[in-house]
Amino acid sequence: MKKLLSCVRQANTTNIYLLSRSKFYFVKFLIMSNTENYRNVQYSTSQSPKNDLSKYGGMNNKDWDQLWRDQSTPWDTKQASPILKHLVETIYQDRADIKHALVPGCGNGYDVDTLSALKSVETVVGLDISETAIASANSKKTQFQYGNPNKVQFVCQDFFTLDKKFDIIFDYTFLCALPISLREAWAHQMKKLLNYKDNANAELVTLIFPLVKRTNTGDLDTDITKGPPYILSYPLVEKLLVDVGFENIEQYNVPTQFSHPARANNEIIARWRVKKVSKL
């Protein structure tokens, strides 16, 4: 990029247009609540690579975006997670350190809305690999009533290429939807995204589901290699996270009143932080 042609600054948004010999670049900086070095930068060029949907697999021989386009989304409960609301109202509401939050695989964004209700939070990013899911979430954003939609941003991007820091990350029906081959990469990326170096209390919250599955005939399905959703367990998630440096804060079976009715007695909530390394 050889020359800066123009710069237009407005309230909380700066648009900078840059021109090179053969390419036109649009760079958009969103300056969040005066938080130093926290900016969302979106680059758009004629040669920008698209998100790789294929590595995320899908269901019924369709990728995740096709499933959203077909409105074939049986995992969408059309409401926020009750246990997340409980945590927001009892544990996290008075925490002053939670500034930036992330919900990967956000779908329609109900849990994003929940986290935006936190007093201290400045930005909540809902991330999804499906453009259709993000479009749907954006269309529902103005209808959110629990939290503050002004704090919410929906982004279509590959989770594994995201490069920001967050004080809290909520994973629900994301890990269980990933191909098994990506689980270790999931754990490493969670650690990379968590703001533990600047915030020792930064947390990853995993709502572990499903613990069991049943076949179409109602029989118990014990094949952990078949999915998505893939059967998960606390020991499985614990090993993934402990191996990269996490430690558990607490874990328990979700009480039935804090589960979706169809998922009662089939979820474990587990909270994690990166283990402090002793300096000798």
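User: Which residues lie nearest the centre of the largest pocket?

Analyst: Keep in mind that this is a predicted model. The largest pocket comes out at about 1200 Å³, and its lining runs to 48 residues. The ones lying nearest the centre are Pro 74, Trp 75, Thr 173, Pro 229 and Arg 263.

User: And which helices and strands each supply at least two residues of that pocket's lining?

Analyst: Two helices and three strands are on the list. The helices are α1, at 64-69, and α3, at 110-115. The strands are β8 (123-128), β10 and β12 (213-214).

User: What is the strand order in the open sheet of 7 strands?

Analyst: Start from the edges: β9 (152-156) and β14 (246-253) each pair on one side only. The pairing across the sheet is mixed, and the twist averages 20° from one strand to the next. Reading across, the order is β9-β8-β7-β10-β11-β15-β14.

User: Which residue in β15 is the bridge partner of Val 205?

Analyst: Val 205 falls within β11, which covers residues 203-208, and β15 covers 268-274. These two strands run antiparallel, with 5 bridges joining them. In β15, the partner of Val 205 is Arg 271.

User: Helix α5 lies across several strands; at what angle does it run to β10?

Analyst: Helix α5 spans residues 183-193 and lies across β7 (100-104), β10 (168-172), β11, β14 and β15. Those strands also appear in the order of the open sheet. Relative to β10, the helix runs at about 155°.

User: How many cavities of 30 Å³ or more turn up, and what volume does the largest have?

Analyst: Searching the whole structure gives 1 cavity at that cut-off. Its lining includes Asp 171, Cys 176, Trp 186 and Phe 209. The volume is about 50 Å³.

User: Which element gives the most to the lining of the largest cavity?

Analyst: Look at the lining residues, which include Thr 206, Leu 207 and Ile 208. Strand β11 spans 203-208, and the top contribution is 3 residues. That makes the answer β11.

User: What share of the contacts with a separation of 6 or more comes from residues 24 or more positions apart?

Analyst: For context, the protein has 6 helices and 15 strands, and 46% of its 280 residues count as buried. Among contacts with a separation of 6 or more, the share from residues 24 or more positions apart is 64%.

User: And how much of the exposed surface do carbon and sulfur atoms supply?

Analyst: The protein exposes about 15100 Å². Of that area, carbon and sulfur atoms supply 48%.

Technical notes: Residues are numbered from 1 along each chain as its sequence is written. This is a predicted model: local features need pLDDT of at least 70, side-chain atom pairs count only at pLDDT 80 or more; totals for chains, interfaces and linings use all residues. Side-chain values use heavy atoms; hydrogens and water are left out. Helices (H or I, at least four residues) and strands (E, at least two) are DSSP runs, numbered from the N terminus. Buried means under 20% relative accessible area, exposed over 50%, partly exposed in between (1.4 Å probe, protein chains only). Contact means heavy atoms within 4.5 Å. Accessible areas come from the Shrake-Rupley method with a 1.4 Å probe; for residues, only the protein chains shown count as cover. Two strands pair if DSSP finds at least two bridges between them. Axes are lines fitted to C-alpha atoms, for helices over the stretch in contact, and angles run from 0 to 180 degrees between N-to-C directions. On a 1 Å grid over the protein atoms alone, a cavity is a set of points where a 1.4 Å probe fits but cannot get out, and a pocket is an open set with protein on both sides within 12 Å along at least five of seven lines; lining residues have an atom within 4 Å of a point. Grid points are joined across faces, edges and corners, and a volume is the space filled by probe spheres set on the points.
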